[in-house]
Amino acid sequence: MSLAVKVSLARRDFQLDVACEFPASGVVALFGRSGAGKTTLLRCLAGLERPAPGRVSLNGEVWQDDHNFVPPHRRPLGYVFQEANLFPHLDARGNLEFGLRRVPAAKRRIRFEEVVEFMGLAGLLSHRADQLSGGQRQRIAIARAVLTSPQMLLLDEPLSSLDLESRAEILPYLESLPDRLSIPIIYVSHAISEITRVADHIAIMEAGAVVACGPLQALLTRPELPLAHLDEAGSIFNGVIAQHDVEFHLSYVSVAGARLALSRQSAPVGAQVRVRIDARDVSLALKPPELSSITNVLAGRVIDVTDDRDPAHRLVRVDIGGQQLLARITHRSVAQLGVSAGLAVFAQIKSVALTDRL
Amino acid sequence: MIGSAYSVADLVALWISLKLATVTMVLLLLACTPLAWWLATTRSRVRVIIEAVAALPLVLPPTVVGFYLLLFLGPHGWGGRFAQQLGLQSLSFSFGGLVLGSMLYSLPFVMQPLQNAFQAVGQRTLEAAATLGAPPWDRFFSVALPLARRGFISAAVLAFAHTLGEFGVVLMIGGNIPGRTQTAAIAIFNYAEAMNYGAAQRLSVTLLMGCFVLLVIVYAVNRRLRNAVVIA
Amino acid sequence: MTKYRILSPRLAAQLLIWLLVAASLVARADELNVAVAANFFGALQELAPRFEQATGNKLVLSSGSSGQFYTQIKQGAPFDVLLSADSERPRQLEAEGLAVSGSRITYAIGTLVLWSPQSQMVDSEGKVLFNGQYRMIGIADPVNAPYGAAAEQVLKGLGIWEKLNRDKQIAFGENITQAWQFASTGNADMAFVALSQVTDGKIISGSYWIPPQSLYTPIDQDAVVLARTTKRRTAEVFLTWLRQDPQAIAIIKAAGYSVKP
């Protein structure tokens, strides 16, 4: 199950050259700086750009090759633009029904009421676009695309035009999307913080080409990739909610054979969760710390130490029960503690964030 | 001044003018809509040439348009010869000829607002419609057309009003035939030439008031529409 | 505004006057602004150099319809002389004090002709009007143009005016030139025009019928000196020359007019 892409597109100051195969399940993030070509690639997938030469196919169904070009209205895709692009002459309901109506009843796999419910749009249906907030508009845009029962959903930086509050409002919906719909999602973003919450795979783009492609968890910590060198570099872990502590308002998460404590979560015991840990929130000790306010400590073994972008720091990868933890610590500490491959260490984690999905 | 009653000829002339303005407006809207849509959405290089040609009547004196039309419709011109081959009568000195002339002359007044309105719809909005499964004609009718509503109103008003005031072209090819090609504008001119200023005034004021009322109504309606459609 | 004017009176006056003043060394020659009926324009263009040769004075010509000129003169247009297509307008100007009284002369007598550029269309007795084989006849507006009024008289005299109007077979041109244009472009099958428009000594091309003079009021084309002129003497000299100079008379006749004895 895959999305095979081989496209070349020349623009005035830019050349897109991508040959890649994305898994056709879960969330694939297209990550890169502005101008790297992420949106252009997404538009090629949707048929909004016509690369020459180009070849795009999903699960063997060819959307573009040397002889054919399937136009966007015939590709079974949903597309969400950076700015919602709602139709101003229709109210929210009209917008939602626009795509739905154009899908023959037999092919509809998702119902209007379902989508309204899980995107939280109930009270907004009769509003027009100019009466809605940015976050609301974007939710409607997503719902609108979903209602076409697409085989794949494409999202072009859906949060970047929103203010922080709206972003926070929408992220939970985005996080729950992959579980609700069982279709692949391609998510373009330049914000790693969004991607770590939502994506399973990542393709890193630079100057019009895909420089790395693979599971997010693995690529996050690879020192030869730019991800590990970002300010927000970090790692993600798969865990299970083990227990809730009512007295101290905590929840305990089982991760890699150990337990992490975080603020009380709403998810029930047994729920599978994703845990995110920023590299800057990790410090290393040679002995288990005593009498420290930091309660989250994971035992592991150093994999390697590499240079960070900042010469005062080093990146240390620590193996924790088969998963990798990224730590950013000072060069001086590395020297003083003698941190090197194979060393047994205790990782102290100041802050842990949780996402409701695996 | 306006005391005397209207003559039948005056009423007939007003009727011809109204008929001409209406028919021209409707035909122009029908003809220009697809062309304006194409101009607004195409990336072809021919576009600039077509735009220039469509704007030509703006800069040409109406008598020039009328004069060339006269030649064109005559038995030596393409139009005349074509009509002859089909066994049809020539369009000169006919209402149909006036419509043709008015359409040519008012063309830019319809084309420009329509094209601008279609362009204002924006490529992104149309792309959104495409990704939602709407093929090109569907995009036109369900997205572009409703959003271009105000452009249509402008175009219609301009075409109507401009044709009501049409003089030069009608003068050249109409033949001033009462009940067929004598429009109110021509009748006013004739009265003035014959120094029958009373009659000229009467007809002029009628035309003026009529246009004014029409414009007020249209702009009032337009205002209400504007408040209902705001691009988000 | 008529369409056949070469220069607008005001602009012509100023431009040419400045140009000529700058260029000419003859300080004493006058320039007359002449408003001339469209149908006589061609003839006057031929006469002007002769007049200049004879007297040293230049003529600045403005062509148009008599009705328009009348209106403009009433509004103060700076013409020195009016060569009208009729006698009515000059008479009125005299009566209203806008023309120098006693200066009015008949400079030409117009002949009406039914003409078509097609050589087979009009027979020499005008019977074509009764054969129903034509679509449209062009005439000048009867209200404003004397040739148009004459054409109407002819058609009424022949008893077909009502019918032609009912069947909408008459195209009314704003002036005699437009009537001629209707026919020459072929849009009208034939037109009642001034003989002067289609003759060059003899009829240039096509077919024609000259209706008997008895069918219409003679088209006396009168000229007057306008009261506003500052070159009254020169203007009077011009009119006298027009009426009496043998060369002038020959040109006028050759142009398709007759003159008063």
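This passage describes a predicted model, taking chain B, its contacts with chain A, a set of strands in chain A and the domains of chain C in turn.

Chain B is built from helices. Its secondary structure comes to 11 helices and 0 strands. From the N terminus on, the order of elements is α-α-α-α-α-α-α-α-α-α-α. Along the principal axes, the C-alpha atoms of chain B occupy a box of roughly 65 × 45 × 30 Å. The chain has 232 residues, and 43% of them count as buried. Among contacts in chain B with a separation of 6 or more, 74% involve residues 24 or more positions apart.

Chain B also meets chain A. Here 17 residues of chain B contact 21 residues of chain A. On the chain B side, helix 6 (123–131) and helix 7 (136–147) each provide at least two residues. Helix 6 of chain B makes the largest contribution to that side, with 6 residues. By class, the side of chain B that touches chain A has 12 nonpolar, 3 polar and 2 charged residues.

In chain A, strand 12 (residues 250–255) pairs with two other strands, strand 11 and strand 13. Strand 11 (residues 234–245) runs antiparallel to strand 12 and is joined to it by 6 bridges. Within this pairing, V240(A) lies opposite S254(A) of strand 12. Strands 11 and 12 of chain A form a hairpin with 4 residues between the strands. In that hairpin, H249(A) adopts a positive phi near 55 degrees.

The pairing of strand 12 with strand 13 (residues 258–263) of chain A is likewise antiparallel, over 6 bridges. L260(A) in strand 13 is the bridge partner of V253(A). This second hairpin has 2 residues between its strands. A256(A), in the turn, has a positive phi of about 45 degrees.

In a regular strand, side chains alternate between the two faces of the sheet. Strand 12 of chain A shows this alternation. S251(A), V253(A) and V255(A) point to one face and are buried. L250(A), Y252(A) and S254(A) point to the other face and are not buried. The two bridge partners named above thus fall on opposite faces: V253(A) on the buried one, S254(A) on the other.

Chain C is assigned two domains. Domain 1 covers 9–109 + 219–254, and domain 2 covers 112–209. Their C-alpha centres are 29 Å apart. Between them, 11 residues of domain 1 of chain C contact 13 residues of domain 2 of chain C. The domain 1 side of this contact comprises 6 nonpolar, 4 polar and 1 charged residues.

Terms used. Residues are numbered from 1 along each chain as its sequence is written. Chains are lettered from A and ligands numbered from 1 in the order in which they are written. This is a predicted model: local features need pLDDT of at least 70, side-chain atom pairs count only at pLDDT 80 or more; totals for chains, interfaces and linings use all residues. Two residues are in contact if their C-beta atoms, placed from the backbone, lie within 7 Å. Ala, Val, Leu, Ile, Met, Phe, Trp, Tyr, Cys and Pro count as nonpolar, Asp, Glu, Lys and Arg as charged, and the others, Gly among them, as polar. A residue is buried if 20 or more other C-beta atoms lie within 10 Å of its own, exposed if 12 or fewer, and partly exposed in between; C-beta atoms are placed from the backbone. Two strands pair if DSSP finds at least two bridges between them. Domain bounds come from an automatic or database domain assignment.
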